[in-house]
Amino acid sequence: MSGRVGDLSSQQQEALARFRDSLQDLLPTIPKADDYFLLRWLRAQKFHLKDAEDMLRKHMKFRKQQDLDNILTWQPSEVVQLYDSGGLCGYDYEGCPVWFDIIGTLDPKGLLLSTSKQELVRKRIKTCEMLLHQCELQSEKLGKKIETMVMVFDLEGLSLKHLWKPAVEVYQQYFSMVEANYPETIKDLIVVRAPKLFPVAFNLVKSFISEETRKKIVILGANWKQEMSKFISPDQIPVEFGGTMTDPDGNPKCLTKIKYGGEVPKSYYLHNQVRVQYEHTVSVGRGSSLQLENEILFPGCVLRWQFASEGADIGFGVFLKTKTGERQRVGEMTEVLPSQRYNAHMVPEDGSLTCLQAGVYVMRFDNTYSLMHAKKVSYTVDVLLPDKASEEKIQHLEATELSSVL
(Lines give C-alpha, C1' and ligand atoms only; values in the text may rest on other atoms or scores of the structure.)
Protein backbone atom coordinates (compact mmCIF):
# COMPACT_ATOMS: atom_id res chain seq x y z
CA MET A 1 0.00 0.00 0.00
CA SER A 2 1.26 3.48 -0.89
CA GLY A 3 0.41 5.06 2.46
CA ARG A 4 -1.74 7.70 0.78
CA VAL A 5 -5.37 8.59 1.42
CA GLY A 6 -7.54 5.82 -0.06
CA ASP A 7 -4.63 3.39 -0.22
CA LEU A 8 -3.88 2.47 3.39
CA SER A 9 -3.37 -0.94 4.91
CA SER A 10 -5.11 -1.69 8.21
CA GLN A 11 -1.81 -1.15 10.04
CA GLN A 12 -1.30 2.19 8.30
CA GLN A 13 -4.88 3.22 9.11
CA GLU A 14 -4.27 2.38 12.76
CA ALA A 15 -0.95 4.27 12.73
CA LEU A 16 -2.71 7.35 11.33
CA ALA A 17 -5.34 7.24 14.11
CA ARG A 18 -2.66 6.87 16.80
CA PHE A 19 -0.59 9.64 15.19
CA ARG A 20 -3.56 12.01 15.31
CA ASP A 21 -4.20 11.10 18.98
CA SER A 22 -0.58 11.85 19.92
CA LEU A 23 -0.84 15.32 18.38
CA GLN A 24 -4.00 16.55 20.13
CA ASP A 25 -2.11 19.45 21.75
CA LEU A 26 -0.64 20.47 18.39
CA LEU A 27 -3.56 20.03 15.97
CA PRO A 28 -5.29 23.35 16.74
CA THR A 29 -2.10 25.23 15.74
CA ILE A 30 -1.69 23.41 12.40
CA PRO A 31 -3.26 25.35 9.49
CA LYS A 32 -4.66 22.27 7.73
CA ALA A 33 -4.25 19.07 9.73
CA ASP A 34 -6.16 16.72 7.42
CA ASP A 35 -5.20 13.10 6.68
CA TYR A 36 -3.23 14.14 3.58
CA PHE A 37 -1.04 16.41 5.72
CA LEU A 38 -0.49 13.88 8.53
CA LEU A 39 0.30 11.02 6.13
CA ARG A 40 3.13 13.06 4.56
CA TRP A 41 5.02 12.94 7.87
CA LEU A 42 4.22 9.27 8.44
CA ARG A 43 5.42 8.27 4.96
CA ALA A 44 8.60 10.30 5.42
CA GLN A 45 9.39 8.24 8.51
CA LYS A 46 8.10 4.92 7.11
CA PHE A 47 5.18 5.00 9.56
CA HIS A 48 7.44 5.04 12.65
CA LEU A 49 5.14 7.01 14.94
CA LYS A 50 7.75 8.45 17.34
CA ASP A 51 10.02 9.63 14.50
CA ALA A 52 7.09 11.16 12.61
CA GLU A 53 5.86 12.95 15.73
CA ASP A 54 9.35 14.32 16.50
CA MET A 55 9.70 15.51 12.91
CA LEU A 56 6.34 17.29 12.91
CA ARG A 57 6.90 18.92 16.31
CA LYS A 58 10.27 20.27 15.10
CA HIS A 59 8.54 21.60 12.00
CA MET A 60 5.96 23.46 14.10
CA LYS A 61 8.80 25.17 15.99
CA PHE A 62 10.32 26.00 12.60
CA ARG A 63 6.97 27.46 11.47
CA LYS A 64 6.92 29.74 14.48
CA GLN A 65 10.58 30.78 14.19
CA GLN A 66 10.19 31.62 10.50
CA ASP A 67 6.69 33.16 10.91
CA LEU A 68 5.44 30.95 8.07
CA ASP A 69 1.83 32.02 8.56
CA ASN A 70 2.84 35.44 7.20
CA ILE A 71 5.77 34.59 4.93
CA LEU A 72 3.79 34.93 1.69
CA THR A 73 3.44 38.67 2.37
CA TRP A 74 7.16 39.05 3.21
CA GLN A 75 9.25 40.70 0.50
CA PRO A 76 12.99 40.05 0.17
CA SER A 77 15.40 42.88 -0.61
CA GLU A 78 15.50 44.41 -4.09
CA VAL A 79 18.72 42.65 -5.11
CA VAL A 80 17.25 39.23 -4.24
CA GLN A 81 14.02 40.01 -6.09
CA LEU A 82 15.94 41.03 -9.20
CA TYR A 83 18.91 38.65 -9.29
CA ASP A 84 17.92 35.45 -7.49
CA SER A 85 16.59 33.09 -10.14
CA GLY A 86 13.60 30.78 -10.57
CA GLY A 87 9.86 30.95 -10.96
CA LEU A 88 6.52 29.17 -11.00
CA CYS A 89 5.58 28.45 -14.59
CA GLY A 90 2.77 26.09 -15.55
CA TYR A 91 1.39 22.80 -14.23
CA ASP A 92 2.02 19.16 -15.11
CA TYR A 93 -0.56 16.80 -16.60
CA GLU A 94 -2.11 16.10 -13.18
CA GLY A 95 -2.23 19.78 -12.22
CA CYS A 96 0.84 19.89 -9.97
CA PRO A 97 2.68 23.26 -10.01
CA VAL A 98 6.03 23.38 -11.85
CA TRP A 99 8.94 25.43 -10.50
CA PHE A 100 11.90 26.28 -12.74
CA ASP A 101 15.24 26.79 -10.95
CA ILE A 102 17.82 28.49 -13.20
CA ILE A 103 21.30 27.79 -11.84
CA GLY A 104 23.84 28.67 -14.53
CA THR A 105 23.01 32.39 -14.75
CA LEU A 106 23.13 32.91 -10.98
CA ASP A 107 25.90 35.16 -9.62
CA PRO A 108 26.41 33.45 -6.22
CA LYS A 109 29.25 35.67 -5.04
CA GLY A 110 27.45 38.85 -6.09
CA LEU A 111 24.33 37.79 -4.19
CA LEU A 112 26.22 36.84 -1.03
CA LEU A 113 28.12 40.15 -1.10
CA SER A 114 24.77 41.96 -1.38
CA THR A 115 22.63 40.08 1.14
CA SER A 116 22.84 37.42 3.82
CA LYS A 117 22.82 33.67 3.46
CA GLN A 118 19.78 33.68 5.78
CA GLU A 119 17.79 35.88 3.40
CA LEU A 120 18.57 33.65 0.41
CA VAL A 121 17.43 30.59 2.36
CA ARG A 122 14.32 32.43 3.61
CA LYS A 123 13.43 33.33 0.04
CA ARG A 124 13.52 29.60 -0.79
CA ILE A 125 11.34 28.85 2.24
CA LYS A 126 8.84 31.35 0.87
CA THR A 127 8.98 29.51 -2.48
CA CYS A 128 8.09 26.21 -0.75
CA GLU A 129 5.16 27.82 1.05
CA MET A 130 3.98 29.47 -2.17
CA LEU A 131 4.09 26.16 -4.03
CA LEU A 132 2.08 24.44 -1.27
CA HIS A 133 -0.45 27.26 -1.51
CA GLN A 134 -0.59 26.65 -5.27
CA CYS A 135 -1.31 22.99 -4.54
CA GLU A 136 -4.28 24.05 -2.41
CA LEU A 137 -5.59 26.38 -5.13
CA GLN A 138 -5.22 23.61 -7.72
CA SER A 139 -7.05 21.16 -5.44
CA GLU A 140 -10.00 23.57 -5.21
CA LYS A 141 -9.94 24.31 -8.93
CA LEU A 142 -9.67 20.69 -10.10
CA GLY A 143 -11.81 19.07 -7.42
CA LYS A 144 -9.07 16.59 -6.49
CA LYS A 145 -6.20 16.64 -4.03
CA ILE A 146 -2.93 18.08 -5.36
CA GLU A 147 -0.13 17.77 -2.81
CA THR A 148 3.12 17.57 -4.79
CA MET A 149 5.17 19.81 -7.07
CA VAL A 150 7.55 19.37 -10.00
CA MET A 151 10.95 21.07 -9.95
CA VAL A 152 13.00 21.66 -13.10
CA PHE A 153 16.68 22.48 -12.57
CA ASP A 154 18.29 24.10 -15.62
CA LEU A 155 22.05 23.67 -15.26
CA GLU A 156 23.24 25.30 -18.48
CA GLY A 157 26.23 27.44 -17.52
CA LEU A 158 26.97 25.59 -14.26
CA SER A 159 30.64 26.36 -13.61
CA LEU A 160 33.30 26.41 -10.94
CA LYS A 161 32.00 29.73 -9.58
CA HIS A 162 28.87 27.89 -8.45
CA LEU A 163 31.04 25.52 -6.37
CA TRP A 164 32.24 28.41 -4.21
CA LYS A 165 31.90 27.12 -0.68
CA PRO A 166 29.53 29.80 0.74
CA ALA A 167 27.25 29.34 -2.30
CA VAL A 168 27.19 25.57 -1.92
CA GLU A 169 26.32 26.02 1.76
CA VAL A 170 23.15 27.91 0.76
CA TYR A 171 21.95 24.93 -1.30
CA GLN A 172 23.00 22.44 1.37
CA GLN A 173 20.95 24.39 3.91
CA TYR A 174 18.07 24.66 1.43
CA PHE A 175 17.84 20.92 0.68
CA SER A 176 18.23 20.09 4.38
CA MET A 177 15.39 22.50 5.20
CA VAL A 178 13.14 21.02 2.48
CA GLU A 179 13.69 17.46 3.72
CA ALA A 180 13.01 18.42 7.35
CA ASN A 181 9.98 20.64 6.75
CA TYR A 182 8.40 19.75 3.41
CA PRO A 183 8.56 15.94 3.23
CA GLU A 184 6.80 14.07 0.45
CA THR A 185 6.07 17.24 -1.53
CA ILE A 186 8.36 16.72 -4.53
CA LYS A 187 6.85 14.66 -7.31
CA ASP A 188 9.67 14.91 -9.87
CA LEU A 189 13.01 16.71 -9.83
CA ILE A 190 13.98 17.11 -13.48
CA VAL A 191 17.56 18.07 -14.41
CA VAL A 192 18.20 19.51 -17.88
CA ARG A 193 21.37 20.67 -19.68
CA ALA A 194 23.63 19.07 -17.06
CA PRO A 195 27.33 19.67 -17.87
CA LYS A 196 30.24 17.39 -17.01
CA LEU A 197 30.67 19.33 -13.74
CA PHE A 198 27.22 18.27 -12.49
CA PRO A 199 28.35 15.03 -10.74
CA VAL A 200 30.78 17.07 -8.61
CA ALA A 201 28.13 19.68 -7.78
CA PHE A 202 25.56 16.99 -6.95
CA ASN A 203 27.99 15.18 -4.68
CA LEU A 204 28.23 18.34 -2.55
CA VAL A 205 24.49 18.38 -1.80
CA LYS A 206 23.62 14.68 -2.11
CA SER A 207 23.95 13.91 1.60
CA PHE A 208 21.36 16.63 2.36
CA ILE A 209 18.77 14.96 0.10
CA SER A 210 16.84 11.92 1.33
CA GLU A 211 17.03 8.62 -0.50
CA GLU A 212 13.33 8.92 -1.41
CA THR A 213 13.85 12.34 -2.99
CA ARG A 214 16.95 11.12 -4.86
CA LYS A 215 14.78 8.43 -6.48
CA LYS A 216 12.68 11.22 -7.99
CA ILE A 217 15.62 12.86 -9.78
CA VAL A 218 15.41 12.51 -13.56
CA ILE A 219 18.43 13.58 -15.66
CA LEU A 220 17.47 14.29 -19.26
CA GLY A 221 19.91 14.11 -22.16
CA ALA A 222 20.34 16.07 -25.39
CA ASN A 223 16.72 15.48 -26.42
CA TRP A 224 15.50 16.98 -23.15
CA LYS A 225 13.05 19.32 -24.84
CA GLN A 226 11.13 16.36 -26.27
CA GLU A 227 11.47 14.41 -23.02
CA MET A 228 9.99 17.28 -20.97
CA SER A 229 6.66 16.79 -22.71
CA LYS A 230 6.37 13.37 -21.03
CA PHE A 231 6.04 15.18 -17.70
CA ILE A 232 4.42 18.50 -18.66
CA SER A 233 2.09 19.51 -21.51
CA PRO A 234 3.89 21.68 -24.12
CA ASP A 235 1.41 24.51 -23.60
CA GLN A 236 2.60 24.64 -19.95
CA ILE A 237 6.31 24.81 -20.89
CA PRO A 238 8.05 28.01 -22.05
CA VAL A 239 9.34 27.98 -25.64
CA GLU A 240 12.85 28.33 -24.12
CA PHE A 241 12.37 24.85 -22.64
CA GLY A 242 10.79 23.18 -25.67
CA GLY A 243 7.12 24.08 -25.15
CA THR A 244 4.76 26.60 -26.69
CA MET A 245 4.16 29.00 -23.78
CA THR A 246 5.29 32.62 -24.18
CA ASP A 247 4.80 35.87 -22.35
CA PRO A 248 1.96 38.12 -23.58
CA ASP A 249 4.55 40.02 -25.65
CA GLY A 250 5.78 36.76 -27.20
CA ASN A 251 8.97 36.43 -25.13
CA PRO A 252 9.98 32.72 -25.28
CA LYS A 253 11.64 32.79 -21.85
CA CYS A 254 8.45 33.82 -20.00
CA LEU A 255 10.28 36.56 -18.08
CA THR A 256 7.07 37.57 -16.30
CA LYS A 257 7.06 34.14 -14.61
CA ILE A 258 10.73 33.09 -14.37
CA LYS A 259 13.70 35.17 -13.13
CA TYR A 260 16.95 34.29 -14.91
CA GLY A 261 19.41 35.82 -12.43
CA GLY A 262 22.40 37.60 -13.98
CA GLU A 263 25.49 39.39 -12.70
CA VAL A 264 24.75 41.49 -9.63
CA PRO A 265 25.84 45.14 -10.07
CA LYS A 266 28.50 46.17 -7.56
CA SER A 267 26.26 49.06 -6.50
CA TYR A 268 24.29 46.45 -4.49
CA TYR A 269 27.34 45.17 -2.60
CA LEU A 270 27.09 45.67 1.16
CA HIS A 271 30.65 44.49 1.84
CA ASN A 272 33.69 43.34 -0.14
CA GLN A 273 34.07 39.90 1.35
CA VAL A 274 32.07 37.04 2.85
CA ARG A 275 33.12 36.01 6.35
CA VAL A 276 34.90 32.65 6.19
CA GLN A 277 36.21 30.26 8.83
CA TYR A 278 39.48 28.66 7.77
CA GLU A 279 40.62 25.18 8.73
CA HIS A 280 44.39 25.85 8.91
CA THR A 281 46.75 28.69 9.80
CA VAL A 282 50.47 28.57 8.97
CA SER A 283 53.46 30.89 8.88
CA VAL A 284 55.40 31.09 5.62
CA GLY A 285 58.93 32.17 6.50
CA ARG A 286 60.66 35.13 4.89
CA GLY A 287 62.29 34.22 1.60
CA SER A 288 60.61 30.80 1.60
CA SER A 289 57.50 28.99 0.38
CA LEU A 290 55.02 26.38 1.59
CA GLN A 291 53.86 23.46 -0.57
CA LEU A 292 50.61 21.59 0.11
CA GLU A 293 50.18 18.28 -1.71
CA ASN A 294 46.79 16.91 -2.76
CA GLU A 295 46.61 13.49 -4.41
CA ILE A 296 43.96 13.29 -7.12
CA LEU A 297 43.13 9.67 -7.91
CA PHE A 298 41.11 10.16 -11.10
CA PRO A 299 40.29 12.93 -13.61
CA GLY A 300 37.21 15.10 -13.10
CA CYS A 301 37.79 15.95 -9.44
CA VAL A 302 37.74 19.63 -8.44
CA LEU A 303 40.40 21.25 -6.28
CA ARG A 304 38.89 24.17 -4.31
CA TRP A 305 40.68 26.67 -2.06
CA GLN A 306 40.15 29.76 0.07
CA PHE A 307 42.92 31.72 1.78
CA ALA A 308 43.75 35.02 3.48
CA SER A 309 47.05 36.52 4.57
CA GLU A 310 47.82 38.95 7.38
CA GLY A 311 49.66 42.24 6.95
CA ALA A 312 50.81 41.88 3.34
CA ASP A 313 50.30 40.01 0.09
CA ILE A 314 51.24 36.35 -0.63
CA GLY A 315 52.08 34.46 -3.81
CA PHE A 316 49.97 31.47 -4.83
CA GLY A 317 50.03 28.95 -7.66
CA VAL A 318 49.11 25.33 -8.42
CA PHE A 319 51.45 22.77 -9.94
CA LEU A 320 51.35 19.10 -10.94
CA LYS A 321 54.23 16.87 -9.87
CA THR A 322 56.02 14.98 -12.63
CA LYS A 323 57.54 12.50 -10.18
CA THR A 324 55.73 11.00 -7.21
CA GLY A 325 57.28 10.10 -3.88
CA GLU A 326 59.84 12.89 -3.82
CA ARG A 327 59.91 16.65 -3.32
CA GLN A 328 60.24 18.67 -6.50
CA ARG A 329 61.21 22.27 -7.15
CA VAL A 330 58.68 24.52 -8.87
CA GLY A 331 60.67 24.48 -12.10
CA GLU A 332 60.51 20.68 -12.23
CA MET A 333 56.70 20.54 -11.99
CA THR A 334 53.99 21.26 -14.57
CA GLU A 335 52.40 24.64 -14.04
CA VAL A 336 48.61 24.34 -13.73
CA LEU A 337 47.73 27.76 -12.29
CA PRO A 338 50.52 30.34 -12.78
CA SER A 339 51.91 31.71 -9.54
CA GLN A 340 51.12 35.35 -8.81
CA ARG A 341 50.93 37.69 -5.85
CA TYR A 342 47.51 38.23 -4.27
CA ASN A 343 46.44 41.03 -1.92
CA ALA A 344 44.82 38.42 0.29
CA HIS A 345 45.43 40.64 3.34
CA MET A 346 42.86 43.06 1.91
CA VAL A 347 40.36 40.70 0.25
CA PRO A 348 40.45 36.91 0.87
CA GLU A 349 41.05 34.83 -2.24
CA ASP A 350 39.13 31.78 -3.39
CA GLY A 351 39.23 29.62 -6.49
CA SER A 352 38.96 26.16 -7.93
CA LEU A 353 40.06 24.11 -10.90
CA THR A 354 38.98 20.87 -12.54
CA CYS A 355 41.80 18.31 -12.45
CA LEU A 356 42.07 16.97 -15.98
CA GLN A 357 44.42 14.14 -14.98
CA ALA A 358 45.26 12.10 -11.92
CA GLY A 359 48.39 12.92 -9.95
CA VAL A 360 49.73 14.97 -7.06
CA TYR A 361 48.71 18.62 -7.28
CA VAL A 362 50.83 21.06 -5.28
CA MET A 363 49.34 24.29 -3.98
CA ARG A 364 52.25 26.63 -3.30
CA PHE A 365 52.19 29.72 -1.09
CA ASP A 366 55.15 31.81 -2.22
CA ASN A 367 56.95 34.29 0.04
CA THR A 368 60.37 34.03 -1.61
CA TYR A 369 60.19 37.67 -2.75
CA SER A 370 59.90 38.94 0.84
CA LEU A 371 63.33 38.88 2.50
CA MET A 372 62.20 40.83 5.57
CA HIS A 373 58.83 39.47 6.66
CA ALA A 374 57.22 36.09 7.32
CA LYS A 375 53.56 35.81 6.28
CA LYS A 376 50.71 34.32 8.30
CA VAL A 377 48.27 32.51 5.98
CA SER A 378 44.90 30.99 6.86
CA TYR A 379 43.47 28.54 4.34
CA THR A 380 40.98 25.80 3.55
CA VAL A 381 41.50 23.27 0.76
CA ASP A 382 38.94 20.71 -0.45
CA VAL A 383 39.07 17.97 -3.04
CA LEU A 384 35.56 17.63 -4.50
CA LEU A 385 34.72 14.21 -5.91
CA PRO A 386 32.05 13.49 -8.54
CA ASP A 387 28.98 11.44 -7.65
CA LYS A 388 29.61 8.20 -9.51
CA ALA A 389 25.97 7.31 -10.22
CA SER A 390 25.15 10.66 -11.86
CA GLU A 391 28.51 10.68 -13.68
CA GLU A 392 27.72 7.27 -15.18
CA LYS A 393 24.21 8.46 -16.08
CA ILE A 394 25.58 11.46 -17.99
CA GLN A 395 28.20 9.31 -19.72
CA HIS A 396 25.47 6.84 -20.72
CA LEU A 397 23.31 9.66 -22.10
CA GLU A 398 26.27 11.03 -24.07
CA ALA A 399 27.09 7.58 -25.48
CA THR A 400 23.43 7.02 -26.45
CA GLU A 401 23.29 10.42 -28.19
CA LEU A 402 26.55 9.75 -30.03
CA SER A 403 25.38 6.35 -31.29
CA SER A 404 22.10 7.85 -32.53
CA VAL A 405 24.04 10.46 -34.51
CA LEU A 406 26.32 7.81 -36.01
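In this predicted model, helix 1 and helix 2 are roughly perpendicular to each other. Helix 1 spans residues 10-22 and helix 2 spans residues 35-44. Their axes come within 10 Å and cross at roughly 100°. That angle falls in the 65 to 115 degree range, hence the label of roughly perpendicular. On the helix 1 side, the contact is made by Ala-15, Leu-16, Phe-19 and Arg-20. Helix 2 contributes Asp-35, Leu-38, Leu-39, Trp-41 and Leu-42. By class, the residues of this contact divide into 7 nonpolar and 2 charged, with no polar residues.

A second helix pair involves helix 3 (residues 49-66) and helix 7 (residues 165-181). These pack with their axes 9 Å apart, at an angle of about 120°. Helix 3 and helix 7 are therefore oblique to each other. Met-55, His-59 and Phe-62 represent helix 3 in the contact. They meet Met-177, Glu-179, Ala-180 and Asn-181 of helix 7. The contact of helix 3 with helix 7 has 4 nonpolar, 2 polar and 1 charged residues.

Salt bridges in the model come to 31. One of them joins the side chains of Arg-43 and Glu-184, with an N to O distance of 3.0 Å. Arg-43 lies in helix 2, whereas Glu-184 lies in the loop between helix 7 and strand 4 (186-192), so the pair ties together parts that are 141 residues apart in sequence. Both partners fall under the 20% cut-off for burial. Arg-43 counts as buried because its relative accessibility is 10%. Glu-184 is likewise buried, at 17%. The two residues also belong to a network of salt bridges that links Arg-4, Arg-43, Glu-147 and Glu-184.

Helix 7 takes part in another salt bridge, between Glu-169 and Lys-117. The closest N and O atoms of this pair are 2.8 Å apart. Glu-169 lies in helix 7 and Lys-117 in helix 6 (residues 117-142), so the bridge ties together parts that are 52 residues apart in sequence. Glu-169 is partly exposed, with a relative accessible area of 27%. Lys-117 also counts as partly exposed, at 24% relative accessibility.

A further salt bridge pairs Lys-230 with Glu-227. Here the closest N and O atoms are 3.3 Å apart. Lys-230 is exposed, because its relative accessible area of 59% is over 50%. Glu-227 is partly exposed, with a relative accessible area of 21%.

Conventions
Residues numbered from 1 in each chain as written. Predicted model: local features only at pLDDT ≥ 70, side-chain atom pairs only at ≥ 80, totals over all residues. Heavy atoms only, no water. Axes fitted to C-alpha atoms, helices over the stretch in contact; angles between N-to-C directions. Helix = DSSP H or I, 4+ residues; strand = E, 2+ residues; numbered from the N terminus. Parallel < 35°, antiparallel > 145°, perpendicular 65-115°, else oblique. Contact = heavy atoms within 4.5 Å. Nonpolar A, V, L, I, M, F, W, Y, C, P; charged D, E, K, R; others polar. Salt bridge = Lys/Arg side-chain N within 4 Å of Asp/Glu carboxyl O. Buried < 20%, exposed > 50% of the residue type's maximum accessible area, 1.4 Å probe, protein only.
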